[in-house]
Amino acid sequence: MLLYENRQMTASANVNLWSSAEHALEYLRMADSIPHRVEGEATLLEFVPPAARRILDIGSGGGRLLALVKAARPEAQFVAMDFSPTMLDSLEKRFADSRPAQKARKDGAPGSVSIVAHDFANPLSGLELGRFDCVVSSFAIHHVSHERKRSLYAEIFDLLLPGGVFCNLEHVSSPTSHLHHEFLKKLEVGPEEEDPSNKLLDLETQLAWLREIGFADVDCHWKWRELALLAGSRSSH
């Protein structure tokens, strides 16, 4: 999310280091230390429908968010999506006891976790994911281009059942350079240590996109500096 090891690289719209085992492992090592993350995750859980039966986690990483949602909604079926070999291996190990014996993703047992290897920088069409009561994501979507962010939001809308909810705990841009540098100071990160995979976008633009796509009840329900929870639902009508 925030750090990378090769400090001589510069940010680029085409850079994505998440296929690197070293980069992925570094994130896993520091993931628990992100300030206020627990507050954002707790708020996200408030918006996961109590009766949700199928839940998709986009950009699952090591499975931190998925494990929290699974604990809160143990009767649901879960689909985890990531493309990093390191993250996929971590997901396989973490949810080994929850993996469905069958490959079919739509009729797994309650509590089952299916793992889909897919880079969501590419369209979700053709994956035959089925539809979901809830789609969640945590600090992942900011790694794709702005154009792809918007098209991905539209694809997520199409995956939701009527009444379904999308919850995105995200890293967004600060409105000024000063605030961005203050955010980095809070994380004890220097400007030269920023992840060049980051493609940060302001909160207001993303909320507007969700409304334009057709999401209802769109809002930012929690925010700490550059960390924010965006959510919206698909109307049940």
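Let's start with a small cluster of charges: Arg37, Glu41 and Arg64 are joined in a network of salt bridges. The model you are looking at is a predicted one. Within this network, the side chains of Glu41 and Arg37 meet at 3.1 Å, N to O. Both residues belong to helix H2, and because they are four residues apart there, about one helical turn separates them. In general, residues three or four places apart on an α-helix point the same way, since each turn takes 3.6 residues. Are Glu41 and Arg37 buried or exposed? Both are buried.

The third member, Arg64, takes us to helix H3, residues 64-72, where Arg64, Leu65, Leu66 and Val69 are buried. The cover over the buried residues of H3 includes helix H2 (37-46), along with E1, E2, H4, E3 and E4.

Several of those covering elements are strands, so let's turn to the sheet, citing its layout first. Seven strands form an open sheet with mixed pairing, in the order E3-E2-E1-E4-E5-E7-E6. At its edges are strand E3 (113-117) and strand E6 (216-224), each of which pairs on one side only. From one strand to the next, the twist averages 15 degrees. Further in, strand E1 (residues 54-58) pairs with strand E4 (residues 132-138) in the parallel sense, over four bridges; there, Ile55 has Cys134 of E4 as its bridge partner. Helix H4 (residues 85-94) lies across strand E2 (77-82) and E3, and runs at about 165 degrees to E3.

Now for the nonpolar side chains. The largest nonpolar core has 33 residues, and Leu56, Phe120, Leu129, Phe166 and Phe215 touch the most other members. At least two residues of this core come from each of E1, E2, E4, helix H5 (146-159), strand E5 (160-171), helix H7 (203-213), E6 and strand E7 (227-233). Another core, of 31 residues, lies apart from it and includes Val48, Ile115, Trp222 and Ala231.

Back to charges: how many salt bridges does a search of the whole structure find? It finds six. One of them joins the side chains of Glu212 and Arg150 at 2.9 Å, N to O. This pair links distant parts of the chain, with Glu212 in helix H7 and Arg150 in helix H5, 62 residues apart. Glu212 counts as exposed because its relative accessibility is 54%, while Arg150, at 30%, counts as partly exposed.

Lys185 and Glu182 form another salt bridge (3.3 Å, N to O). They sit three residues apart in helix H6 (residues 177-186), so about one helical turn separates them. Lys185 is exposed, with a relative accessible area of 57%, and Glu182 is partly exposed at 24% relative accessibility.

Methods
Residues are numbered from 1 along each chain as its sequence is written. This is a predicted model: local features need pLDDT of at least 70, side-chain atom pairs count only at pLDDT 80 or more; totals for chains, interfaces and linings use all residues. Side-chain values use heavy atoms; hydrogens and water are left out. Two strands pair if DSSP finds at least two bridges between them. Axes are lines fitted to C-alpha atoms, for helices over the stretch in contact, and angles run from 0 to 180 degrees between N-to-C directions. Contact means heavy atoms within 4.5 Å. A nonpolar core is a set of buried Ala, Val, Leu, Ile, Met, Phe, Trp, Tyr and Cys residues joined through side-chain atoms within 4.5 Å. Buried means under 20% relative accessible area, exposed over 50%, partly exposed in between (1.4 Å probe, protein chains only). A salt bridge is a side-chain nitrogen of Lys or Arg within 4 Å of a carboxyl oxygen of Asp or Glu.
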